[in-house]
Amino acid sequence: MTELAGALTSRLQALWGPAVEVTEVRPMPGGASRESWDVGVRAADGAERRLILLRDAGGRDRTVSRNIAVEAAAMTAARGAGVPVAELYDHGEGVLGRAYLLMERLDGETIPRRLLRDDAYAAARPGLAHRLGEVLARIHQIDPDRLPGLPRVDALGQLTGLYQGFAEPRPALEIGLRWLREHQPSPVADTLVHGDFRTGNLMVGADGLRGVLDWELTHRGDPRQDLGWLCTKAWRFGSASPVGGFGSRADLMAGYAAGGGTPPDEPTQRWWELYGTVRWALLCRSQAERYLSGEPSIELAVLGRRVCEQEFDVLLALGHARPLTVRDPLPDREYPPVRPHDRPSGPGLLRAVRDFLATEVGGSDQVLKFHARVAANALRIAEREALLAAGQEQAHRKRLAALGCHDDAELCAAIRDGSLDHRSAEVIEAVTAAAVDKLTVANPRHLALPG
């Protein structure tokens with residue numbers, strides 16, 4: 001941290017003069033792909049300023065780094081078009097050791113559970129869906145030809161390639177991808193696409209939207225992707241309101257039209273929402289792959305167990321499943337002793353450690369506190385798996401055998417080529433049962449959330 005503070009001081013003095021002083025460099029929680037730092041600066045006249053530094057996390061390849069100039073250009077163009085975006089002060093590749101963006105710190109809140117529940121934002125929530133529609137329309141009116149190097153993304157092709165790259169059969173995603181292929185809407189003209197416009201990447205104050213954050217995935221493509229992504233179930237955070245948990249699709253589309261955009265029809269919007277669910281499943285799996293490939297991170301590890309949330313949501317969106325309540329097997333469970341070992345038993349020790357992580361670790365260190373909560377959740381998953389895995393594995397084998405499939409790979413091939421279409425109801429039943437079993441271990445509360 002001292003080294004980073006020194007590098008920041010040198011860079012800011014080069015930009016703003018030798019009297020600039022960095023007074024604080026503090027890590028911020030969250031962000032699986034980038035480090036976030038809260039930076040305090042004292043100017044030559046004694047005025048205090050707060051900056052945000054976003055920097056590529058260590059140990060990663062340089063794919064994102066090579067696009068940092070495009071991201072910076074997109075932010076600048078959006079700010080010029082009236083989109084609320086933080087003022088960008090600097091960006092680059094090597095001055096701070098890795099690719100980085102240095103910008104003003106906007107006041108407000110990004111944490112979804114606070115935005116969707118706290119009284120402080122109660123007055124802002126009713127107008128947010130309309131406002132977000134207006135802002136997206138402004139983004140989509142920026143000419144992508146003004147941004148040299150802006151990547152062109154074939155949305156469905158990108159998903160298909162990502163899925164095939166894992167070589168990991170997932171029947172629920174096969175069902176979702178096949179439906180997307182068979183119902184793809186007609187194309188429209190390319191625009192600038194934010195790529196990650198959703199709750200969690202929006203800075204909100206008591207008076208409404210204050211900033212659009214995280215332009216890392218910006219590209220040229222179908223503007224309807226942003227509208228669908230904002231309404232994807234994952235970004236509602238348990239709320240029944242489809243637009244980021246804040247409001248209705250009607251309000252979003254009214255705002256989009258008021259801002260000069262052309263709202264998609266309902267089937268097209270639903271297509272992009274399902275696309276978003278499949279996309280988030282694969283992005284979770286991509287992040288988990290970093291952990292599986294040797295990058296140490298409890299956050300990346302646990303993301304691998306969130307894929308099944310999106311698998312169930314795919315089935316829910318297609319009408320193949322419905323919300324249901326499943327009792328969590330952990331609360332108040334008693335574990336008998338395992339002789340000759342003493343008490344508490346192994347699962348009992350897992351409970352003791354997760355309670356310690358959830359209640360006692362972190363204190364005022366928000367980054368450590370966040371990771372401790374993630375680690376406590378990982379232990380809950382491990383404890384449920386220890387209780388249920390044997391029976392679930394046996395049930396899964398029986399379901400596959402009843403369909404004439406040896407494993408998930410054979411079932412995926414049959415879904416893809418249609419050879420089991422005459423038994424589609426049985427296929428759906430088996431795939432849904434598997435998703436329910438996985439979620440009963442990973443996050444049983446997710447099963448009850450509305451579609």
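1. Start with what covers helix α12: α13 is among the elements lying over its buried residues. Those buried residues are G348, R354 and L357. Bear in mind throughout that this is a predicted model.

2. The helix itself looks regular in length. Running over residues 346–360, α12 has 15 residues and reaches 21 Å from its first C-alpha to its last, close to the 21 Å expected at 1.5 Å a residue. Just after α12 comes G362, which takes a positive phi of about 115°.

3. Back to α13, since R384 sits in that helix. Is R384 buried or exposed? R384 counts as buried because its relative accessible area is 4%, and the cut-off for buried is under 20%. Setting aside residues up to four places away in sequence, R384 touches D328, P329 and L330, and also T440, V441, A442, N443 and P444.

4. α13 turns up again at the second largest pocket, where its nine residues are the biggest contribution to the lining. Other helices chip in too: α6, α9, α10, α11, α14 and α15 each supply at least two residues of that lining.

5. As for the pocket itself, the second largest one has a volume of about 930 Å³. Its lining is made up of 37 residues, and R170, H396, D408, A434 and K438 lie nearest the centre. What does the lining look like by class? There are 20 nonpolar, four polar and 13 charged residues in it.

6. One of the helices on that pocket, α11 (307–317), also holds Q310. This glutamine is buried because its relative accessible area is 1%, against a cut-off of under 20%. Beyond its neighbours within four places in sequence, Q310 is in contact with A234, T277, W280 and A281.

7. Now the nonpolar interior. In soluble globular proteins, nonpolar side chains tend to be buried together. Here the largest nonpolar core has 47 residues, and F197 and W215 are the ones with the most contacts inside it. Leaving out neighbours within four places in sequence, W215 is in contact with E71, A74, M75, A78, V83, V85, I139, L192 and H194. Apart from that core lies another one, of 25 residues, including A155, C284, V314 and C412.

Methods. Residues are numbered from 1 along each chain as its sequence is written. This is a predicted model: local features need pLDDT of at least 70, side-chain atom pairs count only at pLDDT 80 or more; totals for chains, interfaces and linings use all residues. Side-chain values use heavy atoms; hydrogens and water are left out. On a 1 Å grid over the protein atoms alone, a cavity is a set of points where a 1.4 Å probe fits but cannot get out, and a pocket is an open set with protein on both sides within 12 Å along at least five of seven lines; lining residues have an atom within 4 Å of a point. Grid points are joined across faces, edges and corners, and a volume is the space filled by probe spheres set on the points. Helices (H or I, at least four residues) and strands (E, at least two) are DSSP runs, numbered from the N terminus. Ala, Val, Leu, Ile, Met, Phe, Trp, Tyr, Cys and Pro count as nonpolar, Asp, Glu, Lys and Arg as charged, and the others, Gly among them, as polar. A nonpolar core is a set of buried Ala, Val, Leu, Ile, Met, Phe, Trp, Tyr and Cys residues joined through side-chain atoms within 4.5 Å. Buried means under 20% relative accessible area, exposed over 50%, partly exposed in between (1.4 Å probe, protein chains only). Contact means heavy atoms within 4.5 Å. The expected span of a helix is 1.5 Å times one less than its number of residues.
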